[in-house]
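Here's a quick briefing on some charged pairs and one helix packing. Have the sequence and the model open as you go.

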Amino acid sequence: MDIFSNEQSLTERLELVIERIKEIPDELANSEGLADSFYLDFFNSKAKYIIYMLSVYQDGNTNYSDKENNYKMYEDIIGDNYLSSYSNPDYAEERLGALGGLFSYISAELQGLPGYIFDNKIAQMVFLLEMFLQVYFLFISGDKLTISSVRDIIYYYVYDYIDYFALDRMLDTFTSEDSLGYNIIMNEDLSNPNYLYKYGEYISDTEIKLAEYLAKLPEDRIDLLASTYTEGFRRGFDVMGISFEGKNRVWIRYHLGQERIVKRAIEMFKEMGLDTIISRCAINRAVRRQVIKQGYESTSPNMQFEYDHRNDDRFYLDKAFAKKRVEAAEECYKKLREEVTGFGGPAVIETFGEKRFSPVSKESVAPLDEAQQEISRKMYGEMGEISNKYLPGDSYSFTIIAFPLPDIGDNFEEIFDEIININTLDNEKYKKIQQSIIDTLDKADVVRVVGMNGNRTDMTVKMRKLESPEKETQFENCTADVNIPLGEVFTSPVLEGTHGTLNVSSSYLNGYKFDNIEFKFEDGVVTDYNCDNYISQGSEGIEKGKQYIKENILFNHEFLPIGEFAIGTNTYAYSVARKYDILEKLPILIVEKTGPHFALGDTCYSHAEDHAVFNPDGKEIVSRSNSYADLRESEPEKAYFNCHTDITIPYNELGRLFTIYEDGTEVDIIVKGRFVLPGTEELNAMIDDN
């Protein structure tokens, strides 16, 4: 849906923009008075790309829905092409000097044209192309291009239209009118993978192979995958004690190639009374936080490109913009109050197995400065409060499930079958085993977690004292509902008295690889951190490692508390990972079930702390808050951090996990990577099998 489709002036503006941009190549070819060949090259190359994309728009998308044209849409940033692309900040700076970063931003924004065109978002096309033309006019006027003049154009492009960008993104998130993705899923021949090119997203061999594999699965196998996923979403309402009444929409987020599963899920959700929202990930950087993607997605044409532009809001983020962004969010929720009320939540199909990515940290890409970091934290905090006001955390559910991509290796089909098994393990069996762990943990004063085999973890985790142990518990007994697969018990620990060192040899967090990552804690709060990603660069590399963690795990907060402590029990998933040597390739969703883990940021009950939650045995889970979340009424700006990152210690790095009672008694749960607590021994058989 184009929210500006009734504004005829936009169509007229687009026609004028198209006409003017088509003149640029000839105009530059005859521009003897324009001496700077570097800027000439920038505007010439970008104009030719825009003209090509406008031909896609004017001729109709389906005429360009093939492999050759799909490559042309993303050619500039694919592989080694990126080395000489203006979207690469290093190259842009080399060619254009101090203005390189700004022009790289413009180039990266233009790379969003395929999404706008295939979704027929005329307004976004007009705003973006008019911004490009403004900079071009400044260049051909003969005036000297300056950082200030170009930055002003970029700033007002974002500032003037943030209301529109925000509302459009909200419509994509909460409304279920027919979308491009929905129509592809429901109307195209999914046995022929060429349907994938009709999205306008970059399509690699990964998406083609995935679609081909799912196309040959028998119907009952597809039904099993879809029903596990949809029933998990439905069960989430029961487990969390949330009313399903009045819910009429669910937002499916998936990887391209999974359409056959998604189509069956759409049909099953329809039987529950839920319409399905299918939408693209946010394109415009003004409504996208760093590299976080929510919607349907495909393999990135270039992860370094995405990483290089993660902080592009540095070009316009100030107090005035942040104020307008927050106001826009409030207005959007007001306009879409009815749609938001009927929102049942997201149902996410994650993927894993892609080649691990360790980004290059570039001098040409500056982080947000300290003032902007504070503005960003405050802005996202206020937006979180607004979201919770109109969509309280205890008013909707969610579910997440994960499947491998063909990139995982030659054993893809075997691994896919094993993941199906992992995602459909027996709830009742694990519920009983996990209850024996919870019964022990509930008696503890503290829990100790100590690493081995070079792992330097030594954490002491403070537990609550239950006032009514017969009716209360600290840990949730997690089976396969909102968080598939099953296999963990988790709590929000007491921060005061929680301290120590958390270390993992290698971990893949929020899309990035971290080597030998380590955190120090006092009273449950991060006090120091480091990793070895850039250690070869000496002292400078140490600082780069800290910045890498601050941006991608702390999300520019000066500190984060521990929001969750959990013990994973899914030894079957761990044994499969060892058998196929894919532990590092598994997503957090599964990895967190393969050992104890700590989450940095908000608790698992963020914005829903006052909503009573019960375990299958009827006991209320009372550890839903901590000393930061307790400020939600008196000082809400300090209560939440709007992030939650799980960091897992795998069994082979776990020396000992044990409880200590108030009288000093110690009870072992895991020793040298094996479960030793009575009632849990069966979990070791799965480890021993491999």
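**Salt bridges and a helix pair**

E666 is partly exposed, with 43% of its relative area accessible. Keep in mind that this is a predicted model. E666 has a salt-bridge partner, R656, and the closest N and O atoms of the two are 2.9 Å apart. Across the structure there are 50 salt bridges, and a few of them are picked out below, followed by the packing of α6 on α8.

**The strand pair, E666 and R656**
- This salt bridge links distant parts of the chain, with E666 in strand β18 (residues 666–671) and R656 in strand β17 (residues 654–660), 10 residues apart.
- R656 is partly exposed too, at a relative accessible area of 26%, and E666 is at 43%.

**The helix-to-helix pair, E130 and R13**
- E130 and R13 join their side chains in a salt bridge, at 2.7 Å from N to O.
- E130 sits in helix α8 (residues 122–140) and R13 in helix α1 (residues 8–22), so this pair ties together parts that are 117 residues apart in sequence.
- E130 comes out as partly exposed, with 22% relative accessibility.
- R13 is also partly exposed, at 27% relative accessible area.

**The pair inside one helix, E327 and K323**
- Here the side chains of E327 and K323 form a salt bridge, 2.6 Å from N to O.
- Both residues belong to helix α15 (residues 319–335) and are four residues apart, about one turn of the helix.
- K323 is exposed at 54% relative accessibility, whereas E327 is partly exposed at 41%.

**A network**
- Salt bridges also link up into a network, made of E109, R285, D312 and R314.
- E109 turns up again below, as one of the α6 residues that meet α8.

**Helix α6 against helix α8**
- Helix α6 (residues 100–110) packs with α8 at an angle of about 150 degrees, and the two axes are 10 Å apart.
- Angles over 145 degrees count as roughly antiparallel, and α6 and α8 are therefore roughly antiparallel to each other.
- The α6 and α8 crossing is left-handed.
- On the α6 side, the contact uses F103, Y105, I106, E109 and L110; on the α8 side, it uses L128, L129, M131, F132 and V135.
- Sorted by class, this contact between α6 and α8 has nine nonpolar residues, no polar ones and one charged residue.

Terms used. Residues numbered from 1 in each chain as written. Predicted model: local features only at pLDDT ≥ 70, side-chain atom pairs only at ≥ 80, totals over all residues. Heavy atoms only, no water. Salt bridge = Lys/Arg side-chain N within 4 Å of Asp/Glu carboxyl O. Helix = DSSP H or I, 4+ residues; strand = E, 2+ residues; numbered from the N terminus. Buried < 20%, exposed > 50% of the residue type's maximum accessible area, 1.4 Å probe, protein only. Axes fitted to C-alpha atoms, helices over the stretch in contact; angles between N-to-C directions. Parallel < 35°, antiparallel > 145°, perpendicular 65-115°, else oblique. Left-handed = near helix turned anticlockwise from the far one by under 90°. Contact = heavy atoms within 4.5 Å. Nonpolar A, V, L, I, M, F, W, Y, C, P; charged D, E, K, R; others polar.
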